[in-house]
Amino acid sequence: MSTPFASAAPYYARYRPPYPGEFHTLLADRFALDGSQTVLDLGAGPGTLGLPLAPLADHVYAVDPEPAMLAEGARLAEERGVTNISWLRGDDACVTRLCLPRIDLCVIGRAFRRMDRGRVLADLDEVLAPRGGVAVVESLYRPGDPRPAWLTVVEEVRERFLGPARPGQAGQPGQSDRDDWDDLVDRLAKSPLSRVETHQWDQPVRHTVDEVIGLQLSFSSSGPDRLGDRMAAFETELRRALLDHDPRGTYARTLRIGAAVATRPRR
């Protein structure tokens with residue numbers, strides 16, 4: 001059955017900002033990635049995490065429940081000449097049933113919020129190599145930081161078309177994200193992968209008007225399925241409002257990226 005992410009998949013692949021290079025450097029150093037490791041990208045979407053890791057791994061298994069996301073990932077892999085990724089349909093409930101080889105590293109993005117965390121961490125403990133681990137990464141709330149005014153413009157247009165956004169919806173981190181991150185780190189510490197280290201980076205991002213619009217269409221809460229026949233009107237209104245706010249057509253913000261790396265305790 002199709003999900004709201006199906007129609008959003010092409011926009012997700014094109015307009016979601018990549019994770020900072022520091023994150024991939026951390027993983028390469030922490031797990032000694034030298035091209036011989038096996039990586040699992042769980043909740044992979046179109047391979048936002050898995051594709052950049054492919055050159056550092058022997059093989060990447062990208063797992064996602066949405067076929068449209070997997071198709072976008074496979075398209076991007078072919079476009080980039082990446083041949084060592086398997087695109088598998090599945091979710092966090094099927095980790096132990098995928099008949100994967102031993103996994104050296106599992107990476108999970110924001111999809112971890114929608115997973116049964118306790119179960120998936122127990123399942124990962126079964127499939128990870130002895131020195132393997134999991135890395136969870138996502139955007140965090142930055143308390144006290146000034147909020148770019150253009151984000152308010154976006155929210156006002158969204159609300160006119162879709163009603164008020166729920167906390168944490170539409171990719172705008174809030175206090176609930178901070179609380180959720182603390183819960184995530186706590187759950188990791190109480191899992192079999194209880195040796196946890198956390199890292200944070202500030203990632204400056206600049207968007208064009210088209211990129212801001214595309215980013216909104218990449219969210220299940222404001223993607224083509226949700227907008228329906230009002231999608232063209234939404235794009236037109238958002239473009240007008242953004243250019244009225246800043247005719248230069250460039251919109252900057254800084255994302256706080258958090259990563260939690262969890263491995264089994266040393267013996």
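Start by selecting strand β5 and strand β7 (residues 250-263): the two run antiparallel and are joined by 8 bridges. Keep in mind that this is a predicted model. To look at one point along this pairing, pick Val136, whose bridge partner in β7 is Ala260.

Stay with β5 and show the rest of the structure around it. Strand β5 covers residues 128-140, and 11 of its 13 residues are buried, so the strand is largely enclosed by the rest of the structure. In a regular strand, side chains alternate between the two faces of the sheet.

Next, add strand β4 (residues 103-108). Strands β4 and β5 pair in the parallel sense, over 5 bridges. Here, select Val107, which stands opposite Ala135 in β5. Now add helix α5 (residues 117-127) to the selection. Together, β4, α5 and β5 make a right-handed β-α-β unit.

Clear the selection and move to helix α10 (residues 231-245). This helix has 15 residues and reaches 21 Å from its first C-alpha to its last, close to the 21 Å expected at 1.5 Å a residue. Color its buried residues, which are Met231, Phe234, Glu237, Leu238, Ala241 and Leu242. They cover an arc of only 130° around the axis, which puts them on the same side of α10. An α-helix has 3.6 residues a turn, so residues three or four places apart point the same way. Then turn the helix around: the face away from the buried side carries the exposed residues Ala232, Thr236 and Asp244.

Zoom in on Glu237, which lies in α10. Is Glu237 buried or exposed? Its relative accessibility is 19%, and buried means under 20%, so Glu237 counts as buried. What does Glu237 touch, leaving aside residues up to four places away in sequence? The residues to show are Val157, Arg160 and Phe161. Of these, look at Arg160 with side chains displayed: a polar contact of 2.8 Å joins the side chains of Glu237 and Arg160.

The last stop is helix α8 (residues 209-217). Of its 9 residues, 7 are buried, so this helix is largely enclosed by the rest of the structure. Select the buried residues by name: Val209, Val212, Ile213, Gly214, Leu215, Gln216 and Leu217.

Conventions
Residues numbered from 1 in each chain as written. Predicted model: local features only at pLDDT ≥ 70, side-chain atom pairs only at ≥ 80, totals over all residues. Heavy atoms only, no water. Buried < 20%, exposed > 50% of the residue type's maximum accessible area, 1.4 Å probe, protein only. Helix = DSSP H or I, 4+ residues; strand = E, 2+ residues; numbered from the N terminus. Pairing = 2+ DSSP bridges. Right-handed = clockwise from strand over helix to strand, strands pointing away. Expected span 1.5 Å × (residues − 1). Arc of directions from axis to C-beta. Polar contact = N/O pair within 3.5 Å; in protein donor to acceptor, adjacent residues only side chain to side chain. Contact = heavy atoms within 4.5 Å.
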